[in-house]
Amino acid sequence: MIKICPACSSTWAGGVHCEDCGGLLRDPFAVDAAQALPRGIWGYIRLQYGARRGMLVRVMAFLMVPVVFGLGAREAVLWPSPWNALGIAGAALAGFLTWATVYWLAGRAVKIWVLRKGQLNKRRLARAMLKRVIKSSRTS
Ligand SMILES: [Zn+2]
């Protein structure tokens with residue numbers, strides 16, 4: 001269960017008091033959370049969960065290396081003499097490429113789906129500010 005400090009926006013896995021500033025921690029899923037917590041906190045929570053999801057995918061990618069290598073090598077051992085060594089080396093390469101591909105894709109996914117959402121909000125904010133500037137320059 002995640003808990004948040006309204007004073008410094010630190011997140012904690014449970015507890016009562018913030019270990020950074022000593023403030024009282026709040027439950028973000030409580031009924032009064034919308035009033036008790038600062039508005040920007042939801043984007044921050046989404047960012048944290050998104051980054052964590054990317055990290056889990058990368059761990060999964062690492063665990064896939066022995067599986068890919070094992071499946072490839074099991075097939076390659078049965079091949080005739082010069083080819084079996086090549087096949088095992090190829091299985092090792094395939095394992096590495098699987099890891100590298102999933103690792104890279106996880107990084108891209110976090111950049112596109114997690115970090116870009118914050119950018120879109122910033123762009124909307126900039127547009128709103130621009131509109132306000134234009135409006136105030138027209139009236140003056
Ligand atoms: Zn705090």
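**Exercise 1.** Is glycine 90 buried, exposed or partly exposed?

*Solution.* The model is a predicted one, in which local features need pLDDT of at least 70, side-chain atom pairs count only at pLDDT 80 or more, and totals for chains, interfaces and linings use all residues. Residues are numbered from 1 along each chain as its sequence is written.

Step 1. Take the cut-offs: a residue is buried if 20 or more other C-beta atoms lie within 10 Å of its own, exposed if 12 or fewer, and partly exposed in between, with C-beta atoms placed from the backbone.

Step 2. Apply them: 16 other C-beta atoms lie within 10 Å of glycine 90, so the residue is partly exposed.

Step 3. Place the residue: glycine 90 is part of helix H3. From its C-alpha atom to that of alanine 126, 36 residues away along the chain, the separation is 51 Å.

**Exercise 2.** State how many helices and strands the chain has, and give their order.

*Solution.* Step 1. Helices (H or I, at least four residues) and strands (E, at least two) are DSSP runs, numbered from the N terminus.

Step 2. The chain holds 3 helices and 2 strands. Along the sequence their pattern is β-β-α-α-α.

Step 3. The chain is more spread out than a compact globule, because its radius of gyration is 25 Å, well over the 14 Å that the globule rule gives for 140 residues. The radius is taken over C-alpha atoms, and the rule is 2.2 Å times the number of residues to the power 0.38.

Step 4. The C-alpha trace spans about 85 × 50 × 25 Å along its principal axes. Of the 140 residues, 6% count as buried.

**Exercise 3.** Describe the two domains and where they touch.

*Solution.* Step 1. The domain assignment gives domain 1 (1-38) and domain 2 (40-139); such bounds come from an automatic or database domain assignment.

Step 2. The C-alpha centres of domain 1 and domain 2 are 29 Å apart.

Step 3. Two residues are in contact if their C-beta atoms, placed from the backbone, lie within 7 Å. On this basis 6 residues of domain 1 are in contact with 5 residues of domain 2. On the side of domain 1 that touches domain 2 there are 4 nonpolar residues, 2 polar and no charged. Here Ala, Val, Leu, Ile, Met, Phe, Trp, Tyr, Cys and Pro count as nonpolar, Asp, Glu, Lys and Arg as charged, and the others, Gly among them, as polar.

**Exercise 4.** Which residues does alanine 106 touch, not counting residues up to four places away in sequence?

*Solution.* Step 1. Alanine 106 is found in helix H3 (residues 81-139).

Step 2. With that exclusion, alanine 106 touches Gly54, Val57, Arg58 and Ala61.

Step 3. Alanine 106 has 19 other C-beta atoms within 10 Å and is therefore partly exposed.

Step 4. Phenylalanine 62 lies in helix H2. Its 13 other C-beta atoms within 10 Å make phenylalanine 62 partly exposed.

**Exercise 5.** Compare the settings of serine 9 and leucine 24 in their loops.

*Solution.* Step 1. Serine 9 lies in the loop between strand E1 (3-4) and E2. Although not a glycine, serine 9 has a positive phi of about 65 degrees. Most residues other than glycine have a negative phi.

Step 2. Leucine 24 sits in the loop between strand E2 (11-12) and H1. Its C-alpha atom is 6.5 Å from that of cysteine 5, 19 residues away along the chain.

Step 3. Serine 9 has 16 other C-beta atoms within 10 Å and is partly exposed, whereas leucine 24, with 12 C-beta neighbours inside 10 Å, counts as exposed.

**Exercise 6.** Which element has the lowest mean pLDDT, and which the highest?

*Solution.* Step 1. pLDDT is the predictor's confidence in each residue, from 0 to 100.

Step 2. Among the elements, helix H1 (residues 33-36) has the lowest mean, 76, and helix H2 (residues 41-76) the highest, 87.

Step 3. The mean for the chain is 83, and 91% of its residues reach 70 or more. Where pLDDT is low, the predicted coordinates should not be read in detail.
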